[in-house]
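User: I have a model open and a list of terms I only half understand. Can you take me through them one at a time?

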Amino acid sequence: MFQLTVLKRVNDPATLSSNVAVLIGRDQSCHIQLRDPSVSRVHCRVIEHDGRVTLYDAGSRWGTFVNGKRVSECDLRPGDRIQVGETTLQLTMDSDANHTTLARRSELLRPSGMTQREIANAESPSVMYAGWQNAFSRRDDNHNQILPTAAPQISGRKLSAEKFLGTVFHRYRINQLVAESSNGLVFQAESMNDQSLLALKIFKPSCFATDVAERRFHRAMRTMRGKRHPNIVELLDAGKSNGWFFTASEFIDGLSAVELIRNIGIVGMMPPDRVLQIAIDLCESLRFAEDNGIVHRNIRPSNILIRDVDGVALLNDLVLARSSEITDSERLTNAGDIPRDVSYMSPEQLGSGYPLDHRSDIYQLGATLYALLTGRPPFEGGGIAATITQILTATPDSMRAKNLSISIPLESVIIKMLAKNPRDRYQSAKELATALDLVLRGTHQHRVRAVEANPKATGWRGTWDSNS
């Protein structure tokens, strides 16, 4: 486990957790608050991600130095000294290998690259969450089928599709790879119980290198258990098998918003009225989440699916979802948590100091809609540090300057969703739905006039062929 210690001062070191940004500076919002007048309010950020520890200068006035060299971005190693103003910090590693949070660094301590917990998981049978009331979750060891090929046990840190294709994982026969994300692989699979198709996601071991990550996963499963909505991909099953964490969800035959954005460069911009309908669908999923006290926290293009048969948009992958009513003692992440693609994170997820609640989901949906309309997220700097700075301080470029077909009312709604201060956004999904409905009415009136002028004009569904 990596720790940051302020030298020449008696204090407890700050422990780095995977994918959590530790803010260093004078401001009260910083995780390491320094009483040093030569230090900027937010001087720099240190993030442990994918087994690496990286430092990013936050635009400090006097600069950040590592081992005497001024840096704007730098990978750190144990023993490195960080100079901010008149204060020196040092990166160290806890000598207790059982408490390491970094997968690749743990290889320095264990030749196999595995923690004791992973070794135990690899040697134990499938473990499912107790109390998961779903037929997929029940396992009767006295009635196991003879399976053609068993899925591999976890034997290292690398997750590859070749290991799983054509095998049976837990109760699911894996047919083909559907998508690869930053945290795992998604397969089309078939239930051995009833031959129904489903989406099986197997996560990278690095996603669960800490007890905190495992607890977050358990909590998300408890939060989403039994929750159903027409605009949310239903979670059917979740657990751990042969050392691999997984989820099983209903299979949606369609495209992700990532593919829609990618196709913009091929077939041109998506019609704004289609994006508006996607926004309305997803707003309904946010209303449902809000009514059930759920904050998704991970709304981005790869977690939005558009069903082919009817064009309906669905929200997917609620693994990071949490109850909005948990107490401070139950919180497993703080402002500064960077679990996924930083371009779609809200300011409060990046240490702005504002509370993280359902309004963060509204921001993330706004960033996704911005990308669907322009082909790019609102902020996309020359690296993580630059992107974070833009999200916290910059004003997004005009959408109409990039896509003249976007109406002023639609642009106004999305820009309000992207406000830095949550109080300046829509305060609820219901309020957002009202605003979108007003835009839809205006769009409908415009389309009626267009149809009167051109009887061959049609509605948005089916008019934008992503394969053309």
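Analyst: Gladly. Start with a side-chain pair: Asn421 and Tyr354 make a polar contact of 3.4 Å. Keep in mind that this is a predicted model.

User: What makes the pair of Asn421 and Tyr354 a polar contact?

Analyst: The cut-off for a pair of N or O atoms is within 3.5 Å. The side chains of Asn421 and Tyr354 are joined at 3.4 Å. That value meets the cut-off, so the term applies.

User: Which backbone atom lies 2.9 Å from the side chain of Asn421?

Analyst: The backbone nitrogen of Arg423. Its partner is a polar atom of the Asn421 side chain.

User: Why is Asn421 called buried?

Analyst: Buried means under 20% relative accessible area. Asn421 has 10%, so Asn421 is buried. Asn421 sits in the loop between α8 (408-417) and α9 (429-453).

User: Which value makes Asn242 count as buried?

Analyst: Its relative accessibility is 18%. The limit is under 20%, so Asn242 counts as buried. Asn242 is in the loop between β17 (235-241) and β18 (244-250). Its phi is near 55°, a positive value in a residue other than glycine.

User: And His170: buried or exposed?

Analyst: Buried. Its relative accessible area is 8%, and buried means under 20%, so the label fits. Look for His170 in the loop between β13 (168-169) and β14 (172-181). Phi of His170 is near 55°, again positive in a residue other than glycine.

User: Where does a glycine take a positive phi?

Analyst: Just after helix α3, at Gly226. Its phi is about 80°.

User: How do you know that the span of α3 is close to the expected one?

Analyst: Set one value against the other. Helix α3 covers residues 211-224, which is 14 residues. The expected figure, at 1.5 Å a residue, is 20 Å. From first C-alpha to last, α3 reaches 20 Å. Several α3 residues are buried, among them Ala213, Phe217 and Met221.

User: What makes β1 mostly covered?

Analyst: Count its residues. Strand β1 runs over residues 2-6, and four of its five residues are buried.

User: How do you know that β1 and β11 pair?

Analyst: Two strands pair if there are at least two bridges between them. β1 and β11 (residues 87-93) have five, so they pair, in the antiparallel sense. One bridge partner is Gln90 in β11, opposite Thr5.

User: How many bridges link β1 and β2?

Analyst: Two. The rule asks for at least two, so β1 and β2 (residues 14-15) also count as paired. Their sense is antiparallel. Leu4 stands opposite Ala14 in β2.

User: Why do β19 and β22 stand at the edges of their sheet?

Analyst: The open sheet has three strands in the order β19-β21-β22, with antiparallel pairing. β19 (254-256) and β22 (313-315) each have a single partner strand, so one side of each is left without a neighbour in the sheet. Neighbouring strands here are turned by 30° against each other on average, direction ignored. β19 and β21 (residues 304-307) pair over three bridges. Within that pairing, Ser256 has Leu305 as its bridge partner.

User: Which helices lie across this sheet's strands?

Analyst: Helix α4 (residues 257-267) lies across β19 and β21, at about 80° to β19. Helix α5 (residues 272-291) lies across β21 and β22, at about 35° to β22.

Definitions and conventions:
Residues numbered from 1 in each chain as written. Predicted model: local features only at pLDDT ≥ 70, side-chain atom pairs only at ≥ 80, totals over all residues. Heavy atoms only, no water. Expected span 1.5 Å × (residues − 1). Buried < 20%, exposed > 50% of the residue type's maximum accessible area, 1.4 Å probe, protein only. Axes fitted to C-alpha atoms, helices over the stretch in contact; angles between N-to-C directions. Contact = heavy atoms within 4.5 Å. Polar contact = N/O pair within 3.5 Å; in protein donor to acceptor, adjacent residues only side chain to side chain.
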